[in-house]
Amino acid sequence: KGYFTFDPGFLSTASCESQITFIDGDKGLLLHRGYPIEQLAEQSEYLEVCYLLLFGERPTEEQYSQFKLIVTRHTMLHEQLIHFFQGFRRDSHPMAIMVGVVGALSAFYHDSLDVTNERHREIAAYRLLSKMPTLAAMSYKYSIGQPFVYPRNDLSYAGNFLNMMFSVPTEDYVPNPVVEKAMDRIFILHADHEQNASTSTVRLAGSSASNPFACIAAGIACLWGPAHGGANEACLAMLEEIGSVDRIPEFIERAKDKDDPFRLMGFGHRVYKNYDPRAKVMRETCHDVLEELKIDDPLLDVAMALEHIALTDEYFIEKKLYPNVDFYSGIVMRAIGIPTTMFTVMFALARTVGWIAHWIEMLQTPGQRIGRPRQLYTGESMRDFPKKPRE
Ligand code: CMC
């Protein structure tokens with residue numbers, strides 16, 4: 001009694017059993033419900049992947065149309081939420097807004113408070129999936145002072161999101177099909193990644209039977225950090241700091257220097273010690289988008305040169321530090337006009353389905369218990385509190 005396995009950072013502790021996603025980091029393998037991520041990215045679309053993650057199997061044609069119908073039916077927000085947005089400073093980080101408004105949804109949908117009811121859990125899942133793009137686009141529109149754009153249910157999931165982001169009342173917006181496809185791919189590639197920090201946070205928060213909106217808000221808070229979902233934003237900030245191709249070697253040397261805390265953002269992964277299969281797909285999409293849009297952006301030149309130099313550098317090869325999915329998704333998002341501060345919001349939007357799938361799976365697990373890690377106490381031994389007055 002009193003002895004526990006000590007595993008800081010959970011490098012060797014499985015926190016649960018799960019049937020949703022399988023990763024073999026050494027082989028660079030990622031499967032959702034058994035299907036390889038490359039095949040899903042190539043042959044499926046985001047909403048179908050959502051169905052697969054949530055329900056375990058690919059939908060039939062009829063199940064899929066029904067699923068899409070329900071998802072589109074919940075895309076609007078309660079009108080009162082607009083006041084919630086308006087309470088934020090215009091220069092708030094969109095992730096700060098997201099942490100707040102997603103949590104606030106629990107004040108609107110009281111049925112979600114009873115998580116023991118399967119039907120309530122399912123409706124909450126649909127609401128989150130449907131409303132995340134609306135909330136994300138609103139957090140952006142608010143920051144630039146433009147009117148909110150209401151969802152359009154005749155568009156695809158990605159198309160509707162792009163429309164809410166880029167449409168203005170004075171001009172029609174028609175998304176470029178290559179951009180729409182790239183957006184859908186970014187969503188697919190970020191949909192789930194087993195027990196990463198934010199998903200584990202959602203599971204832990206949910207293990208006390210807390211409501212799903214509050215749990216997802218906790219996941220968003222965790223995702224925000226630069227070592228997790230904030231990496232794509234940090235990566236772009238780093239590219240800006242590098243500034244030009246001739247300065248890359250200087251930053252590579254800094255990344256290798258043990259006394260310098262600098263790391264190449266967008267490189268390395270806790271699980272993949274081989275090329276991240278998502279990064280492979282995203283790399284292709286990244287090159288397609290840059291080709292299609294023919295954008296002349298010196299930052300993108302720095303990114304492409306950095307990719308090449310790091311992939312051929314001995315330090316990075318030896319430590320198995322490959323560009324991760326966020327390296328490429330950041331470049332694609334910049335190319336399609338999504339501002340850097342929205343990058344982590346995009347990740348949150350896409351990951352919501354994974355968070356919900358894990359939250360539902362956890363609650364359905366027989367004998368599910370509250371998550372309650374132990375610790376190794378390293379503080380003071382027991383001592384008497386002095387009776388004399390403070391010195
Ligand atoms: N640049 C330079 N050196 C690095 C980097 C990097 N990006 N990443 C790891 N290393 C070195 C590190 O210094 C260590 O060296 P040594 O063995 O000599 O001490 C070795 O590689 C192993 O690193 P670690 O920190 O023990 O690995 P980890 O599994 O704890 O960390 C990571 C993984 C992703 C936090 C880390 O690679 C990192 O900070 N990368 C940059 C941030 C980033 O891109 N994060 C996004 C991850 S993918 C999206 C997601 O899952 O959210």
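## Exercises on a predicted two-domain model

Strands 1 and 2 make up a hairpin with four residues between them, and Gly28 in its turn has a positive phi of about 70°. Keep in mind throughout that this is a predicted model.

**Exercise 1.** Work out in which sense strand 1 and strand 2 pair, and over how many bridges.

*Solution.* Start with the residue ranges: strand 1 covers residues 21-24, and strand 2 covers residues 29-32. Next, look at the pairing, which is antiparallel and runs over four bridges. To check the register, find Ile23 and look across to strand 2, where Leu30 stands opposite. Finally, sort the faces of strand 1: Thr21 and Ile23 lie on the covered face, while Phe22 and Asp24 lie on the uncovered one. Ile23 therefore belongs to the covered face, given that strand 1 has Thr21 and Ile23 there.

**Exercise 2.** Decide how the radius of gyration of the chain compares with the globule rule.

*Solution.* Begin with the inventory: the secondary structure comes to 17 helices and three strands. The radius of gyration is 22 Å, close to the 21 Å that the rule gives for 391 residues, so the chain is as compact as a globular protein of that length. For the extents, take the principal axes: the C-alpha atoms fill a box of roughly 75 × 55 × 50 Å. Then turn to burial, where 42% of the 391 residues count as buried. Last come the contacts with a separation of 6 or more: 76% of them are between residues 24 or more positions apart.

**Exercise 3.** Find which elements give two or more residues to the side of domain 1 that touches domain 2.

*Solution.* First set the bounds: domain 1 is 17-224 + 340-364, and domain 2 is 231-335. Their centres, taken over C-alpha atoms, are separated by 26 Å. Each domain puts 22 residues into the contact. On the domain 1 side, the elements with two or more residues are strand 2, helix 1 (37-43), helix 8 (177-189) and helix 17 (343-364). Helix 8 provides the largest share, six residues. By character, this side divides into 13 nonpolar, five polar and four charged residues.

**Exercise 4.** Describe the shell of residues that surround the ligand.

*Solution.* Count first: 18 residues surround the ligand. Then pick out the closest, which are Ala231, Arg263, Phe267, Gly268 and Arg270. To finish, classify the shell, which divides into seven nonpolar, seven polar and four charged residues.

Technical notes:
Residues are numbered from 1 along each chain as its sequence is written. This is a predicted model: local features need pLDDT of at least 70, side-chain atom pairs count only at pLDDT 80 or more; totals for chains, interfaces and linings use all residues. The radius of gyration is taken over C-alpha atoms; the globule rule is 2.2 Å times the number of residues to the power 0.38. A residue is buried if 20 or more other C-beta atoms lie within 10 Å of its own, exposed if 12 or fewer, and partly exposed in between; C-beta atoms are placed from the backbone. Two residues are in contact if their C-beta atoms, placed from the backbone, lie within 7 Å. Two strands pair if DSSP finds at least two bridges between them. A residue is near a molecule or strand if its C-beta atom, placed from the backbone, lies within 6 Å of it. Ala, Val, Leu, Ile, Met, Phe, Trp, Tyr, Cys and Pro count as nonpolar, Asp, Glu, Lys and Arg as charged, and the others, Gly among them, as polar. Domain bounds come from an automatic or database domain assignment.
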